[in-house]
Structure formats: structure tokens, C-alpha cells
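Take a moment with the sequence and the model before reading on. The text below goes from the whole chain to one strand residue, and then to the ligand.

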Amino acid sequence: MLSVYRAGQLLLNLEKNKMSRTVFIAGNWKMNKTAAEAKAMIEELKPLVAGLKDVEIGIAPTFTSIGAAVEAAKGSNIKIGSQNIHWAENGAFTGEISADMLKEAGVQFVIIGHSERRQYFGETDETVNSRTKACLAANLQAVVCIGETLEEREGDKTETVLETQLKGGLAGLSNEDMADVVIAYEPVWAIGTGKTATKEMAQDTQAFCRKVLTDMFGVETAQTVRIQYGGSMNAGNSAELVAQEDIDGGLIGGASLSADTFVELIKNAIS
Ligand code: PGA
């Protein structure tokens, strides 16, 4: 049995680990906003988030808006990401984009394996793995998305699905690589539906994800990896979600499309 002293120490360590992981809130704009609209919103957002401490803020617009977004975000604490990356350096891959192209455009992070990519565009754990490796090789931060469908949750398959996605998507990565990897846990049934996982459910699931990361990379590395929650996160629930031990930020769709709601969500998350 754990001694009271040892249990107290473990709790202190968990608290320390949580505090050492900077909250990362990223907006996933999906197929929304023209370049002009992206520029306008980032300019509106800039002064509202200037000076916010202990938080990393990102926005991933569409490919054609990346240039305008990077230009508008200059000199601010907003980093710009992309929603995909291909594993090849160049070549006959119609509709895809390479790491070099993204780097040249000023991108700093890449969302990989979002459930919409898995659902509509045939993304698999294997392609997620290839994209993640290309992303890390270019020194770009990878936001690797995982999540179970409603059917899988109801069929009691959540843990198996997440473990498979983590082990497949992160296969072959080193502990060093993991410094640039963020996991986004997004239950598919909560995306764009207004249904959020309860804070307890999200915490339990994300603690499980950290356990899988511990099996894969050891406790020290697993404790440094940030795990975002995604799926109808908004200004009303960001505080309670991000307060959880294993929830280190959010990947935000709908609520990231207007400066007011996004800023409120961020401020509440770090309050
Ligand atoms: P949502 O989307 O916040 O609109 O649910 C989240 C996501 O898909 O990343």
C-alpha cells in the first residue's frame, strides 16, 4: 500500500507536471474564411490576446489563407498552422502540400489525422504516421488527432481505438521527436455537435491516452506531452475542461471562428 507521504508526493508531482505543460489552444478553421476574412479576424484577435501569459495560441486556416494569416499575425503571440501535410518532398500528389511549402509560408504547426480527414478522405493511422514523420523532420510541431466514434464508445471500444490510433500514428517516433508532438483527443461524436464530453469523461480518457504514451515512451516523456481536448469546446466549458489534470488545452472548431468567442474561451481556459 502507498504510504501517505508517498501518495502526497505523487500528487505533488502530478500537479508539477500539469503546470510544466503550457496550455495550447489552437483554432481549426476547417474550410472556412477567405484570405481577406482570415486577415481581418487575426487583426481583430491580436490586441485581444496580446500579453496573455502561460498560453500558446494557434490558428490553422485553409491553405490559401495561410500567407495572409502569417502576415497578419506578425509580431503577435499567435502562431499559424496548417490542416494537412504530405509525407513526400514533392511530386505527383494532386491536392496535397509538402513540409517545405508550409515552412516557406511561415507555418509552425500542422493538424494531422483530424477525424474529418479520416472520415471523408481515407486518412489511416499509417498515413497519419507518415505525415507526422515528415512534419517533425521539417521541425514543425505536429498536432496528432485521435478519437472514437459514438458507435465505438457505446460498444465499449474507446480504449482499444485510441490505443491503436496512438500506437499506429506515433510508430517509430523517438522520445526526442515527442517534444514536438501534441495529441488532440477529439471524440468524433462531440465535434460540431454541441455535445461536449463531460470533464470527467474527457479526463478519464485523456489519462488513459497518457498511460498509452507512458507505455510507448516512458513516464518522463509522457508527462511532458500535451494532450488537447476537442469537440464543442466553448467559452462556457473551457475552464472546467482545461482544469483537469490531463487536459492541456483545446483544438477548437466553431468557437474559433469569431475573435470574441475565441478570446473568451482562451481567457477562461487559463483563468
Ligand atoms: P468543434 O470542432 O469545436 O466545432 O466541435 C473541433 C474540431 O473538429 O477540431
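**From the chain to the ligand**

The protein chain exposes an accessible surface of about 12,700 Å². Carbon and sulfur atoms account for 53% of that surface. Keep in mind that this is a predicted model.

Start with the overall fold. The protein chain holds 12 helices and 8 strands. Its C-alpha trace spans about 60 × 40 × 35 Å along the principal axes. How does the radius of gyration of the protein chain stand against that of a compact globule? For 271 residues, a compact globule would have a value near 18 Å, and the protein chain has 18 Å, so the two agree.

Next, look inside. Of the 271 residues in the protein chain, 50% are buried. Now take the contacts in the protein chain with a separation of 6 or more. Of these, 73% join residues 24 or more positions apart.

One residue shows this interior at the level of side chains. Gln228 sits in strand S7, which runs over residues 226-230. Is Gln228 buried or exposed? Its relative accessibility is 0%, and the cut-off for buried is under 20%, so Gln228 counts as buried. The side chain of Gln228 has a polar partner: the backbone oxygen of Phe24, at 3.0 Å.

Which residues does Gln228 touch, leaving aside those up to four places away in sequence? Phe24, Ile25 and Ala26 are among them. Val182, Ile183, Ala184 and Tyr185 also touch Gln228. So do Gly249, Gly250 and Leu251. Val143 and Gln206 are further contacts of Gln228.

Now move to the ligand. There are 13 residues around the ligand. Which of them come nearest? They are Lys30, His114, Glu186, Gly192 and Ser232. By class, the shell around the ligand divides into 4 nonpolar, 7 polar and 2 charged residues.

Three polar contacts can be picked out by atom. The side chain of His114 places an N or O atom 2.7 Å from an oxygen atom of the ligand. Glu186 also uses its side chain: a polar atom there lies 2.7 Å from a ligand oxygen. Ser232 uses its backbone, with an N or O atom 2.7 Å from an oxygen atom of the ligand. How much of the ligand does the protein cover? On its own, the ligand has 280 Å² of accessible area, and the protein covers 95% of that.

Definitions and conventions: Residues numbered from 1 in each chain as written. Predicted model: local features only at pLDDT ≥ 70, side-chain atom pairs only at ≥ 80, totals over all residues. Heavy atoms only, no water. Near = heavy atom within 4 Å. Polar contact = N/O pair within 3.5 Å; in protein donor to acceptor, adjacent residues only side chain to side chain. Areas by Shrake-Rupley, 256 points an atom, 1.4 Å probe, with all protein chains shown as cover. Nonpolar A, V, L, I, M, F, W, Y, C, P; charged D, E, K, R; others polar. Helix = DSSP H or I, 4+ residues; strand = E, 2+ residues; numbered from the N terminus. Rg over C-alpha atoms; globule rule 2.2 N^0.38 Å. Buried < 20%, exposed > 50% of the residue type's maximum accessible area, 1.4 Å probe, protein only. Contact = heavy atoms within 4.5 Å.
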